[in-house]
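Trainee: I would like to request a close look at a single part of this model, namely the ligand and the residues that surround it. Please also relate that site to the enclosed spaces found elsewhere in the structure.

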Amino acid sequence: MKIYKPEDIEEFLSKEQLRYQKIDLPFGYSTPGHPRGQIKEILFSESIKGRSVLDVGSFLGQMCVAALQNGAERAVGLELNRDRIRQAGVISEILQLSPQPEYRREDIESTRLEEDFDVVLLLNILHHLRDPIGILRTLTKRVKHRLIIEAASLNRRDAKKLKLGSLSRFLFSRSPAVYVGPCHPKDLSQTYFFSERALTDILSKHLMSYWRIDRYPSEFKGRFILDCKKLSIDRMVLVAGCNSSGKSTFCERVRQNEFSGDLGYDDCSDIPFVNPAKLWGKPLNSVFPAQETSECLMHYDLSLVEKFNLHSFERDPATSVIECSKTIDAVLVAPSIETLKHQIYESEIKNKTGDGSQFHREQSERFGEPGYLLNLYGDWLDYLEGLDSSVTLYVFGETPDGRRLTKCKTIEDARKHIRDTYSVEAPV
Ligand SMILES: C[S@@+](CC[C@H](N)C(=O)[O-])C[C@H]1O[C@@H](n2cnc3c(N)ncnc32)[C@H](O)[C@@H]1O
């Protein structure tokens, strides 16, 4: 690696058009720009030692440099602008960083991001993206610990440029709003602006993976910062079945440690119990005691994706919580069709009126339709098979000796059980 003398650094600074990010160099030199002390303070409020960092839109590499200087194990910067990539490379050489940051000329919107990172930075770039929500979704899957976003809202300067009056600006800032940029030839790079509430709602409600989101007004251009702490669960007992299959009773028995031996747990009486129906609109830290939670029990009603017109488990925000789990013990509660019909009648139809019971009456009829339960449970197994987490499957079904919890050696075992239980001939 070349050793830079003071005159080499001086030459680099005078020849190159550097701006935006102030980076301190040896011999008292620095690049011209903003020091961004606040974002660094937020980033290093937790130790970054040994962590991997991805900076999307890394410019001159200010954050990659700072991360490595503060003990990060790896820093990757994605940047489209060739000059900035080259300049960032020279800066890291001048600084003799070890390890060196990795700068890649990649478009975050077209690259296939296949690695996970502990910390992801998305600073001042969201309003330049063509598919900002898609990128938030991708990064949410890839980040393990923290996603830090600095976002352009409509500050006074932006609003003036966009010819927005103070009332529009006020209404924008108070609502979960997205402002569509004018896409003017003078600046094609500005696409969408999110109000702070809009972005927080997308991250906390639609993406449902962050244990806590801390918000700060930014010192940089009147923007705002969201420090999103990703939930991480070591081990989840995931109890799923169709409506009235007996999930709640099974969960209760898990909490009374009746299945501890089968599932390999010491004590389930105290672990957080998650029912997605009770999660809506609530921050995840109201249910999970810590960002890194060791164990939890989750109840998942397979019938709800249809009731909520989602028609796919991947599209249900609640399944994002499942995806925060490293290891999953997935229990399929799958009683016979006769038992299901009996249970739904006893618990949801008898003595009840109104829309709720209407849904349950329809469900009861659907249970007997050829293919209905087969497809519902089959789709669930496909969903589980596609997860990155390590999944162990169990079936809680009916045997000649009564209801039993059986561990499946392979996913094919579970599929066979579902076929044996729910294959119904179409009436001739
Ligand atoms: C406004 S600057 C912000 C730089 C840096 N994140 C910061 O806050 O100091 C946005 C940077 O993102 C880069 N960029 C824009 N769109 C990008 C994309 N789709 N993929 C990768 N980089 C992109 C731009 O070239 C630019 O350097």
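Mentor: The account below begins with the ligand site and then turns to the cavities and the aromatic pairs.

The model is predicted, and every value given here is computed from its atoms. In this model the ligand is surrounded by 17 residues. Gln21, Gly57, Glu79, Asp107 and Leu123 are the closest of them. Sorted by class, the shell around the ligand holds seven nonpolar, five polar and five charged residues.

Three polar contacts may be described individually. Two of them involve a nitrogen atom of the ligand: a backbone N or O atom of Gly57 lies 2.7 Å from such an atom, and a polar side-chain atom of Asp107 lies 2.8 Å from such an atom. The contact of Asn124 involves an oxygen atom of the ligand, with a polar side-chain atom of Asn124 at 2.8 Å. As for cover, the ligand on its own has 590 Å² of accessible area, and the protein covers 90% of this area. Gly57 thus enters the description twice, once among the closest residues and once through its backbone contact; for Asp107, which is also among the closest, the contact is made by the side chain.

The enclosed spaces come next. Rolling a probe the size of a water molecule over the atoms reveals where space has been left empty. Searching the whole structure yields two cavities of 30 Å³ or more. The largest has a volume of about 40 Å³. Its lining consists of His34, Arg36, Gln38, Ile39, Glu150, Ser218, Glu219 and Phe220, a set that divides into two nonpolar, three polar and three charged residues.

The second largest cavity contains about 30 Å³ of space. Leu43, Glu46, Ser47, Ile48, Arg51, Val119, His145 and Arg146 form its lining. By class, these are three nonpolar, two polar and three charged residues.

Finally, the aromatic rings can be considered. The count of aromatic pairs comes to twelve. In the pair of Tyr300 and Trp380, the ring centres are 5.0 Å apart and the planes are at 10°, so the pair is stacked; the cut-off for this class is an angle under 30 degrees. This pair links distant parts of the chain, since Tyr300 belongs to strand S12 (residues 292–301) and Trp380 to helix H15 (residues 372–385), with their positions 80 residues apart in the numbering.

Methods:
Residues numbered from 1 in each chain as written. Predicted model: local features only at pLDDT ≥ 70, side-chain atom pairs only at ≥ 80, totals over all residues. Heavy atoms only, no water. 1 Å grid on protein atoms, 1.4 Å probe; cavity = no way out; pocket = protein on both sides within 12 Å on 5 of 7 lines; lining within 4 Å. Points joined across faces, edges and corners; volume = space filled by probe spheres on them. Nonpolar A, V, L, I, M, F, W, Y, C, P; charged D, E, K, R; others polar. Near = heavy atom within 4 Å. Polar contact = N/O pair within 3.5 Å; in protein donor to acceptor, adjacent residues only side chain to side chain. Areas by Shrake-Rupley, 256 points an atom, 1.4 Å probe, with all protein chains shown as cover. Phe/Tyr/Trp six-rings, centres within 6.5 Å; stacked < 30°, edge-to-face > 60°. Helix = DSSP H or I, 4+ residues; strand = E, 2+ residues; numbered from the N terminus.
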